[in-house]
Amino acid sequence: MPEHACLSDVGRTRTENEDSSVVEELPDGLLCAVADGMGGHAAGEVASRIAVDSLAELAHIARKGQVLLPSIEKAAERAHQEILEAAREGREGMGCTLTVAAVRPGRLEWLHVGDSRAYLLRDGDLRQLTDDDSWVAELVRQRIITAEQARDHPSRNVLTRALGFGTHAEVRTGTADTGSDDVLLICSDGLTNHVPDDAIREMLHRRQTLADAARELVDAANDGGGSDNITVVLARCLAKA
Ligand code: MG
């Protein structure tokens with residue numbers, strides 16, 4: 001199994017952890033995901049668990065085959081429908097973000113909805129693969145506010161898309177080429193609200209192990225205030241077979 005690390009922390013101000021994460025082995029790599037739940041009375045925890053369980057199930061079913069983007073999209077839609085169903089049974093307003101990546105030889109395939117993020121460290125550069133589906137990210141894209149202002153914006157938690165919103169899951173997908181020195185990071189906003197990209201890049205670049213880096217990232221988010229749950233999944237990418 002390629003080197004990976006997964007760490008989740010409740011943070012400094014919340015009493016519950018509504019983030020969920022999963023790393024599953026695939027025949028040719030890894031399936032990694034982070035989901036960040038929302039909705040009161042533990043609904044967020046239920047929603048994010050539904051999302052990552054749907055992917056874990058996909059990885060189990062696919063034990064001998066490949067997990068390709070279309071099957072990841074179907075798993076996201078299944079989770080979306082299950083969250084809608086749970087919401088109808090009394091957990092109104094429940095939903096979650098979902099960022100998933102399949103790490104396979106020479107290539108990453110990702111699916112994303114919400115404001116958790118996937119990043120790729122490649123040749124010392126950190127590139128954000130996913131765009132946040134949030135109101136403040138839209139303001140940044142339209143150059144109304146800066147990325148710096150977005151981090152402290154009072155409405156930074158308002159999402160424009162999530163699992164559990166709307167009739168069908170509205171997700172984005174993408175791919176990236178990878179080499180064996182590259183590192184995938186998937187994280188919830190509890191990290192990125194407190195730790196700027198430059199600091200994340202620095203910690204990943206000078207790491208000893210991915211487990212060390214995960215610990216350092218979570219500690220940095222807590223040192224920065226720890227205002228939300230913090231979840232970090234790291235995986236070493238694979239070179240082309
Ligand atoms: Mg969060």
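This section describes the fold, the nonpolar cores and the magnesium site of a predicted model.

The chain contains seven helices and eleven strands. Its radius of gyration is 17 Å, close to the 18 Å that the globule rule gives for 241 residues, so the chain is as compact as a globular protein of that length. Along the principal axes, the C-alpha atoms fill a box of roughly 50 × 40 × 35 Å. Buried residues account for 53% of the 241 residues. Among contacts between residues at least 6 apart in sequence, 72% join residues at least 24 apart.

One group of paired strands involves E2, E3, E4, E5, E6 and E9. Strand E2 (19–26) and strand E3 (29–38) each supply at least two residues of the largest nonpolar core. A hairpin connects E2 to E3 through two residues. The two strands run antiparallel and are joined by eight bridges. Within this pairing, Ser20 has Ala35 in E3 as its bridge partner. E3 is mostly covered, with nine of its ten residues buried.

E3 also pairs with E5. Five bridges join them, and the strands run antiparallel. Here Val34 is matched with Thr99 in E5. A further antiparallel pairing, over two bridges, links E3 to strand E4 (residues 95–96). In that pairing, Gly95 of E4 is the bridge partner of Met38.

Strand E5 (98–104) and strand E6 (107–113) also contribute to the largest core. E5 and E6 form a hairpin with two residues between them. Gly106 lies in the turn and has a positive phi of about 80 degrees. Seven bridges hold this antiparallel pair together. Val103 is partnered by Leu108 in E6. E6 is mostly covered: six of its seven residues are buried. Six bridges then join E6 to strand E9 (residues 172–177), again in antiparallel fashion. Trp110 has Gly174 in E9 as its bridge partner.

The largest nonpolar core has 33 residues. Leu31, Leu55, Ile72, Leu98, Val100 and Leu163 have the most contacts inside it. Helix H1 (43–61) and helix H2 (69–88) are among the elements that each supply at least two core residues. H1 gives the largest share, nine residues. The surroundings of Leu31 illustrate the packing. Beyond its neighbours within four places in sequence, Leu31 is in contact with residues including Val22, Leu26, Leu55, Leu58, Val67, Ile72 and Val100. A second, separate core has 22 residues, among them Ala5, Tyr119, Leu126 and Ala213. In soluble globular proteins, nonpolar side chains tend to be buried together.

Helix H2 also holds His80. His80 counts as buried, at 0% relative accessibility. Leaving aside neighbours within four places in sequence, His80 is in contact with Ala162, Leu163, Gly164, Phe165, Gly166, Thr167, His168 and Ala169.

An open sheet of five strands has the order E1-E11-E10-E7-E8, with antiparallel pairing. Strand E1 (4–9) and strand E8 (125–128) are its edge strands, each pairing on one side only. Neighbouring strands are turned by 15 degrees against each other on average, direction ignored. E1 is joined to strand E11 (residues 230–236) by six bridges, and the two run antiparallel. Asp9 stands opposite Ile230 in E11.

Two helices contact this sheet. Helix H7 (residues 210–223) packs on the sheet and touches E1, E10 and E11. The direction of H7 makes about 155 degrees with that of E11. Helix H6 (residues 197–205) lies across strand E7 (117–122), E8, strand E10 (183–187) and E11. H6 runs at about 130 degrees to E8.

The magnesium ion has three protein donors in the model: Asp36 (OD), Asp189 (OD) and Asp228 (OD). They lie 2.1 to 2.2 Å from the ion. Along the chain the donors follow the spacing D-x152-D-x38-D. Asp189 and Asp228 link distant parts of the chain, 39 residues apart. Asp189 sits in helix H5 (residues 189–192), whereas Asp228 sits in the loop between H7 and E11. Asp189 is buried, because its relative accessible area of 5% falls under the 20% cut-off. Asp228 also counts as buried, at 7% relative accessibility.

Note on methods. Residues are numbered from 1 along each chain as its sequence is written. This is a predicted model: local features need pLDDT of at least 70, side-chain atom pairs count only at pLDDT 80 or more; totals for chains, interfaces and linings use all residues. Side-chain values use heavy atoms; hydrogens and water are left out. Two strands pair if DSSP finds at least two bridges between them. Helices (H or I, at least four residues) and strands (E, at least two) are DSSP runs, numbered from the N terminus. Axes are lines fitted to C-alpha atoms, for helices over the stretch in contact, and angles run from 0 to 180 degrees between N-to-C directions. Contact means heavy atoms within 4.5 Å. A nonpolar core is a set of buried Ala, Val, Leu, Ile, Met, Phe, Trp, Tyr and Cys residues joined through side-chain atoms within 4.5 Å. Buried means under 20% relative accessible area, exposed over 50%, partly exposed in between (1.4 Å probe, protein chains only). Donors are N, O and S atoms within 2.8 Å of the metal (3.2 Å for Na, K and Ca); water is not among the atoms, so sites may look incomplete. The radius of gyration is taken over C-alpha atoms; the globule rule is 2.2 Å times the number of residues to the power 0.38.
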